[in-house]
Amino acid sequence: MRALAEVDLALEAGKVHALVGENGAGKSTLVKILTGVEQPDEGELLIEGVQQRIADPHAAHRLGIAAMYQEPTVFPDLRVAENIFAGRRPRSRLGTVDWGAMKRETRRVLSDIEVDLDPDTPVRGLGVADRQLLEIAKALTAEARLLIMDEPTAALSPREVDALFAIVRQLSARGVAILFVSHRLEEISAISDTVSVLRDGRHVATRPAAELSHAEMIRLMVGRTLDQLFPKEEAEIGEPALELRSFTRRGTFSDVSFTVRRGEILGLGGLVGAGRSEVARSLFGIDPHDGGEVRLDGTPFHPRSPRAALRRGLAYLPEDRLAQGLVQTMAVATNTSMAILPRLSPGGFLRPGRERRLAERFMERLRIKATSARQPVEALSGGTQQKVVLSKWLAAEPRVLILDEPTRGVDVATKADVHRTISTLAGEGLAIVLISSELPELLGMSDRIVVLREGTVAAELTRDEADSERVLEAATGVRPA
Amino acid sequence: MKALALARATFGRWEALLVLLIVAAGAWSTTLSPYFLDTGNLLDLLTPYIAVGLLALGLTFVVIAGEIDISVASTLAVSAVVLARVWDAGANVWVASAAGLAVGTGLGLFNGVLVGLLNLPSLAVTLGTLAAFRGLAFVILGGEPVTGLPEGWSQLGAGYTGPGELVPIALLILLGFALLLGVLLHATRFGRYLYAIGSNREAARFSGLPVSRMRVALFALSGSMAGIAAVVLIGYYGSARADVGNEFLLDVVTAVVLGGVNIFGGSGSIAGVVLAMILIATLRNGMGLANISADTQGIVIGALLLGAIVAGNLSQFARTRWGGRARATGGRGEVPRSEEVAVSSKT
Amino acid sequence: MSARGTQAQALAATAFRLREFGILVALLATGLFFTLRATNFLTGDNLQDIGTNVAIVIVVAVGQTMVILTRNIDLSVGSIVGLTAVITAQTLAHHHGLSLWVAALLAVAVGTACGLANGLLVAVARVPAIIATLATLSIYRGLVFQRAHGVTINQSDLPNGFLDLATRKVLGTPFLLFVAVVVVVLGSAFLHWTSSGRDFYAIGSNPAAARFAGIAVTRRVILALTLSGALAGLGGFMWAARFGTLNAVSASGFEFDVITAAVIGGVNVFGGSGTVLGAVIGALLVGTIANGFTLLRISEFWKITFQGFAIVVAVTIDALVTQRLQEALRRRRRREVAEARAEARESPA
């Protein structure tokens with residue numbers, strides 16, 4: 001599967017070039033290639049007319065490419081000046097660290113970008129916004145020619161975004177080329193000179209920002225018709241299974257309310273960082289919450305731990321399959337039985353036969369392509385692994401199932417299998433919350449869609465009301481003209 | 001070679017290697033002393049290392065779960081001196097033993113609470129308690145040993161049974177616990193959870209496993225084994241001293257690591273650890289026959305410990321570099337996390 | 001941005017200043033306690049005694065500080081001190097006329113070799129530091145036994161000029177303490193003024209980011225452990241001069257004095273923060289308590305108990321303070337973002 005194919009981009013010095021696209025459109029792959037984290041299969045890269053290869057992150061540094069991410073990398077124990085100059089501190093003639101020069105230079109760069117931070121401030125005490133600014137200062141002192149900003153505003157408040165943009169404009173005025181990756185259409189219009197749109201790993205369009213309306217941007221980003229990949233069958237919608245009232249975790253999401261009924265698939269849409277996974281994590285008892293009410297099958301439920309949630313029939317398929325979903329070195333059967341082991345091991349003793357039969361049942365039902373139930377999951381493909389995670393949660397026979405990006409990074413065939421399974425489960429009366437960044441999936445599968453924006457519910461749309469424009473409009477807060 | 005094939009069929013590759021090494025060490029010992037292959041001598045091989053073995057069994061659980069407990073020998077010492085004191089105060093053997101066992105479990109629980117509930121790194125915590133518990137042992141007993149322990153007790157540590165009074169009772173105790181803990185580790189839910197936590201703690205938590213409780217229990221188990229080791233060891237020596245087990249730590253850690261338990265957690269077997277113990281005992285016995293002093297033996301055991309880890313790292317390196325699928329994590333292109341959570345174990 | 005920056009900065013800075021300040025207060029309180037309880041505590045002779053005893057701990061703790069800063073640990077220093085002390089003493093016992101400089105150089109060279117081996121094991125062979133140095137602790141101690149052959153070297157075997165080092169004074173301070181002061185000054189300067197020294201902090205603070213920033217992590221970790229070995233070698237030389245009587249178990253368990261000094265002195269076991277000066281205060285606290293216990297005839301056994309629990313308490317405090325601080329800052333941050341967003345929603349531009 002290709003993450004990215006045939007993208008032609010020309011980034012000009014002194015210009016801000018925005019890169020937009022839905023999740024999975026290939027933006028992060030492109031960023032990874034430019035920063036030397038991943039290698040392209042073909043194509044060429046010219047810097048000031050000279051062909052270059054970016055073999056690793058160091059090579060990117062040397063070529064004057066700097067990148068800043070949503071969550072900046074810092075040394076929390078070191079002070080501001082040292083964070084900016086880590087790995088390339090100025091030296092005095094004696095070969096010692098030239099603190100004077102380092103602090104002077106830091107002060108100069110910071111005042112250049114009008115940031116009021118002392119070089120001696122310990123970084124542990126700084127917020128994300130200030131850490132972002134450190135990254136910019138780092139890029140400046142390294143004399144970067146290309147600065148890649150990957151969703152730099154995701155964790156910033158509007159005022160901080162304004163401050164950041166003022167600095168970005170300054171940088172570009174100085175001749176730095178800037179690649180600005182973002183979901184927020186307003187910000188893109190506000191800051192960029194040129195906009196490139198990626199869709200499904202392909203380069204769709206590059207236009208001057210001034211000529212591109214939000215509506216047009218959305219059309220280019222979505223740009224496909226819904227096909228028959230998403231067969232949500234009619235199911236009888238029953239009693240409310242999961243009810244949230246004013247569910248809140250301060251600073252992360254607030255006042256989130258929705259209801260999911262038996263047999264219903266509720267889509268949870270929104271941009272990255274809108275708080276969808278965070279709501280799910282608090283609901284499943286992994287993160288704490290500060291307020292609100294949760295009811296399962298009409299009776300109050302207070303999420304405390306995943307164990308407690310499981311006992312009440314709530315299951316959560318997490319977004320990060322490798323880190324949260326599976327124990328890579330363990331067998332298919334072992335992973336499948338993980339959440340319901342108490343039931344399979346009376347008296348505390350394992351019954352390998354029962355575990356194997358359980359796994360085999362799911363291998364057949366979900367068409368899991370493994371040589372046997374004893375095969376370690378690390379030897380399986382991404383899609384097959386995802387089916388194993390799904391088996392684990394289905395084995396728990398939940399009444400409410402939260403699926404967080406269940407088809408991320410899986411092949412088309414598996415995707416169809418997963419969708420069919422979800423649909424069948426709903427048909428059997430399971431209440432499902434589907435978190436997905438993929439609009440067609442969300443629109444195709446869901447009976448209803450709740451859209452989150454910045455931690456609050458921005459819209460609730462029925463299947464008939466929902467279309468890509470409306471969902472994106474609610475998610476971005478921008479009305480297509 | 002037939003033995004190798006058999007071992008290989010029975011255990012994994014690492015265990016087969018251990019069997020081979022044991023045979024080699026045994027052959028070397030035979031050249032040093034014709035009595036080495038004597039049944040009585042063979043059965044007695046492990047007797048001086050029973051306490052080490054019991055501690056290693058407990059530590060195996062801790063390491064498989066991705067933690068470390070270097071305080072085990074000090075815990076043993078506190079158990080031993082409490083036991084002796086209680087007996088000295090007039091209690092009977094059983095009450096005293098129970099007290100020693102309870103103290104060991106309690107100290108393990110202390111470590112467990114700090115690691116499992118407060119999320120402190122087990123390395124730092126047990127480094128501290130390694131010193132603290134040893135000090136406690138001295139505080140409780142002082143520099144003088146308690147001697148004159150009753151006969152029944154020394155039967156446990158130094159007695160023999162079976163045909164011709166050839167089988168050391170302590171050996172039976174060790175093998176009994178190896179069997180018991182082997183079942184616990186390999187055939188129960190508890191053991192399965194340990195492997196899961198040691199392999200991927202986050203996935204374990206997301207799967208609803210009682211991670212904190214397990215981590216507390218782990219150290220309590222390690223402490224209990226130290227308590228049991230204390231009972232046997234006092235029987236073996238016939239006396240209790242505060243510095244008892246002072247030199248055990250190296251052998252214990254070596255047995256676990258040499259036994260094929262991954263020092264970073266997630267894999268290992270009781271069978272491997274038992275084989276490693278036999279190897280260490282055979283080697284030490286052979287070196288004893290060759291008049292190599294106990295302290296020089298430390299050089300060999302230390303080298304063995306380092307060799308075991310380096311060999312493991314090399315095979316891991318070879319696998320990721322030249323064969324099969326690369327592991328999903330790591331690699332050169334790894335992007336650092338914004339801020340590493342300060343509370344992560346150093347091991 | 002500035003107002004918040006300053007506030008957060010003040011909070012963080014205070015928390016870390018408190019750490020070293022706290023240990024200083026503990027030192028003074030301990031001193032006061034012993035002064036009140038033991039009449040012979042606050043005398044010139046006794047204070048000098050403490051100074052001379054603590055000197056060796058300080059020298060070795062400077063090296064340990066560097067190792068811990070990189071998020072590693074060196075358990076083998078006690079054995080290295082023992083090994084180099086025995087080698088120094090034996091060499092001088094056989095060659096009375098040998099220059100003390102040469103003897104010192106020999107001790108440092110042996111220590112450096114031991115430290116380099118540790119460094120290679122940890123940084124190149126990727127053996128976790130705790131395991132690697134546990135193994136070399138036994139290996140180096142085994143070497144001590146081989147050298148000593150169960151024989152004790154007595155003061156009478158050693159040249160007077162060497163033993164005089166322990167009693168001689170330079171600028172009014174005991175010579176050994178003077179050496180310690182020099183090491184502390186050089187160590188502090190190294191950590192503050194050299195790129196390598198700063199790299200130690202960066203590596204311990206965020207190893208992945210350090211690699212990403214182009215810092216030669218492998219070489220720096222080797223350097224830290226090698227320096228620790230070298231200073232332990234110097235410590236061994238001082239040990240031989242101070243005690244004169246040496247055998248195969250000299251300085252066993254000494255690693256605990258050193259690690260306790262560093263850890264309670266505020267060198268964070270998670271790496272990345274701590275100073276040589278903190279370790280010095282830690283060493284003084286450990287030394288003062290040991291001395292006070294002796295004066296009050298409290299069993300020496302309490303000392304190690306105290307040290308062990310001190311490590312546990314220091315680690316607990318460090319972890320909780322860091323956790324709390326981080327959590328407090330994050331919570332404040334989340335609240336600010338939420339408020340700013342609410343504000344922005346209410347007043348659409």
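The exercises below work through strands, helices and a chain interface in a predicted model.

Residues are numbered from 1 along each chain as its sequence is written, while chains are lettered from A and ligands numbered from 1 in the order in which they are written. Because the model is predicted, local features need pLDDT of at least 70 and side-chain atom pairs count only at pLDDT 80 or more, whereas totals for chains, interfaces and linings use all residues.

**Exercise 1. Give the strand order of the chain A sheet that holds strand 1, and find its edges.**

Step 1. Helices (H or I, at least four residues) and strands (E, at least two) are DSSP runs, numbered from the N terminus. Two strands pair if DSSP finds at least two bridges between them.

Step 2. The order is 4-5-6-1-7-8, an open sheet of six strands with mixed pairing.

Step 3. Strand 4 (65-68) and strand 8 (202-208) of chain A each have a single partner strand, so these two are the edges, and one side of each has no neighbour in the sheet. Ignoring direction, neighbouring strands are turned by 20° against each other on average.

Step 4. Strand 1 (residues 16-20) and strand 7 (residues 194-199) of chain A run parallel and are joined by four bridges. A:Ala18 has A:Val195 of strand 7 as its bridge partner.

Step 5. Helix 6 (residues 158-173) of chain A packs on this sheet and touches strand 1, strand 5 and strand 6 of chain A. Its direction makes about 145° with that of strand 6; such angles run from 0 to 180 degrees between N-to-C directions, with axes fitted as lines to C-alpha atoms, for helices over the stretch in contact.

**Exercise 2. Describe the chain A sheet that holds strand 11.**

Step 1. Six strands form an open sheet of mixed pairing in the order 14-15-16-11-17-18.

Step 2. Strand 14 (314-317) and strand 18 (456-462) of chain A pair on one side only and are the edge strands. From one strand to the next the twist averages 20°.

Step 3. Five bridges link strand 15 (residues 400-404) and strand 16 (residues 431-435) of chain A in the parallel sense. One of the bridge partners in strand 16 is A:Ala431, opposite A:Val400.

Step 4. Helix 16 (residues 412-427) of chain A packs on the sheet against strand 11, strand 15 and strand 16, at about 150° to strand 16.

**Exercise 3. How do helix 3 and helix 5 of chain C pack?**

Step 1. The axes of helix 3 (residues 77-94) and helix 5 (residues 129-148) of chain C are 8 Å apart, at an angle of about 20°.

Step 2. The two helices are therefore roughly parallel, the class for angles under 35 degrees.

Step 3. Their crossing is left-handed, meaning that the near helix is turned anticlockwise from the far one by less than a right angle.

**Exercise 4. How many residues of chain B are in contact with chain C, and which helix of chain B supplies the largest share?**

Step 1. Residues are in contact if their C-beta atoms, placed from the backbone, lie within 7 Å. By this criterion 46 residues of chain B meet 42 residues of chain C.

Step 2. Helix 7 (122-141), helix 13 (248-258) and helix 15 (294-322) of chain B each supply at least two residues of that side of chain B.

Step 3. Helix 7 of chain B gives the largest share, 15 residues.

How values were computed
Two residues are in contact if their C-beta atoms, placed from the backbone, lie within 7 Å. Angles under 35 degrees count as roughly parallel, over 145 as roughly antiparallel, 65 to 115 as roughly perpendicular and the rest as oblique.
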